[in-house]
Amino acid sequence: FSRYPYGTAAFLIPFLFLLPYVTTISGHNVSLGNDFGPFYYVYKAYLLDFLSQGIFPMWSPSEAAGFPFFSNPLAQAFYPANVLLAFFYNVNDGYTRLDHQVFTITAIAWFSLGLFVWLRSLRVENRHALFAALVMALSYKMTELLRFPNAAHEAAWYPWIFYTLTRMFTAQTWKSVCYWSAGLGASLICLFTAGYPYYVYYLPFLAGPYMLFMLIPAVRTVIFGIEKPNWRKFLTGFSAASAASLLTCGPYLFHMAQTIELT
């Protein structure tokens, strides 16, 4: 905390702000309603029970006469964070609604931290970056997403996509480009597998204009502080990250699209 006080604050303050949702006080906690239970928690508990036994469930018998589980976006079956949750499931001997609320609010905290480090990469002063990150993360729109855990996790990766794009654009060496390209690829994979495809649709409309700023010399100098970027390095890293994420997630996205079309 003493080394990174602002970043730590950006991550922890959302938990404090939403404390009634992440802990039990006098035997009670605030429970999330709406779609949280029947459309998200039940799938996560089902998935983690299988993963904790070393089994990946391809099918769910609970809908109609049976339903593809792996391609159901509500199941969030391929989200990388499931590995950590499966470990927690074994250690905790189960996974409660409160645990899933903590998992959901972690997305808000991750979103806040991502906004902070992204703004810092654009040379925004610490206090201003922290204030902006917390205003956005604790806004009504973000906290409203708590009833949609998958949506919260989907949104949480956008700042990290912009952060890795920024760092890759300003990188001076091939080693740095490779490092940030890997970070961009990992962020895209998490975005594609977070289980709320509606928010994947926003990607070209958010990342597109941001990358357009890189092309305009006057805007590029103000925002990124670069007059003559190395386009060869950036485009190589960007292409590699995009190709890797699409090749990795392509089959899942294809089958998910088929499942959605059928329903």
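Here are some notes on this predicted model, point by point.

1. Overall fold. The protein chain has 14 helices and two strands. Its radius of gyration is 20 Å, close to the 18 Å that the globule rule gives for 263 residues, so the chain is as compact as a globular protein of that length. If you want a feel for the outline, the C-alpha trace spans about 60 × 45 × 30 Å along its principal axes.

2. Packing and surface. Of the 263 residues in the protein chain, 47% are buried. Looking at contacts with a separation of 6 or more, 73% come from residues 24 or more positions apart. The accessible surface adds up to about 13600 Å², and carbon and sulfur atoms hold 69% of that.

3. Cysteines. You won't find a disulfide here: the count is zero. Why do Cys190 and Cys249 not pair up? The sulfur of Cys190 has its closest cysteine sulfur in Cys249, but the two are 8.6 Å apart, too far for a bond. A disulfide would need the sulfur atoms within 2.5 Å. Both side chains are worth a look anyway: Cys190 is buried at 10% relative accessible area, and Cys249 is buried too, at 2%.

4. Salt bridges, the network. A search of the whole structure turns up three salt bridges. Lys141, Glu144 and Arg147 are linked in a network, so start there when you go through the charged side chains. Glu144 pairs with Lys141 at 3.6 Å, N to O, and with Arg147 at 2.3 Å between the closest N and O atoms. Lys141 and Glu144 both sit in helix α7 (residues 140-144), three residues apart, which is about one turn of the helix. As for accessibility, Glu144 is buried, with a relative accessible area of 17%, whereas Arg147 is partly exposed at 27%.5. Salt bridges, the other pair. Arg127 forms a salt bridge with Glu125, and their closest N and O atoms are 3.5 Å apart. Arg127 is exposed, with a relative accessible area of 53%. Its partner Glu125 is partly exposed, at 33%.

6. Nonpolar surface patch. Which residues form a nonpolar patch on the surface? They are Leu212, Phe213, Leu215 and Ile216, with about 340 Å² of accessible area together. Ile216 is found in the loop between α12 (203-215) and α13 (217-224). With 36% relative accessibility, Ile216 counts as partly exposed.

7. Positive phi at Asn34. Asn34 is not a glycine, yet its phi is positive, at about 60°. On the chain, Asn34 falls in the loop between α2 (19-22) and α3 (36-51). Is Asn34 exposed, partly exposed or buried? Its relative accessibility is 48%, which makes Asn34 partly exposed; the exposed class starts over 50%.

8. Positive phi at Asp93. Asp93 is another residue other than glycine with a positive phi, here near 60°. Asp93 belongs to the loop between α4 (82-92) and α5 (97-121). Asp93 is exposed, with a relative accessible area of 72%.

Conventions
Residues numbered from 1 in each chain as written. Predicted model: local features only at pLDDT ≥ 70, side-chain atom pairs only at ≥ 80, totals over all residues. Heavy atoms only, no water. Buried < 20%, exposed > 50% of the residue type's maximum accessible area, 1.4 Å probe, protein only. Patch = residues over 30% accessible without salt bridge, like charges linked within 9 Å, V, L, I, M, F, W, Y side chains within 5 Å. Areas by Shrake-Rupley, 256 points an atom, 1.4 Å probe, with all protein chains shown as cover. Salt bridge = Lys/Arg side-chain N within 4 Å of Asp/Glu carboxyl O. Helix = DSSP H or I, 4+ residues; strand = E, 2+ residues; numbered from the N terminus. Rg over C-alpha atoms; globule rule 2.2 N^0.38 Å. Contact = heavy atoms within 4.5 Å.
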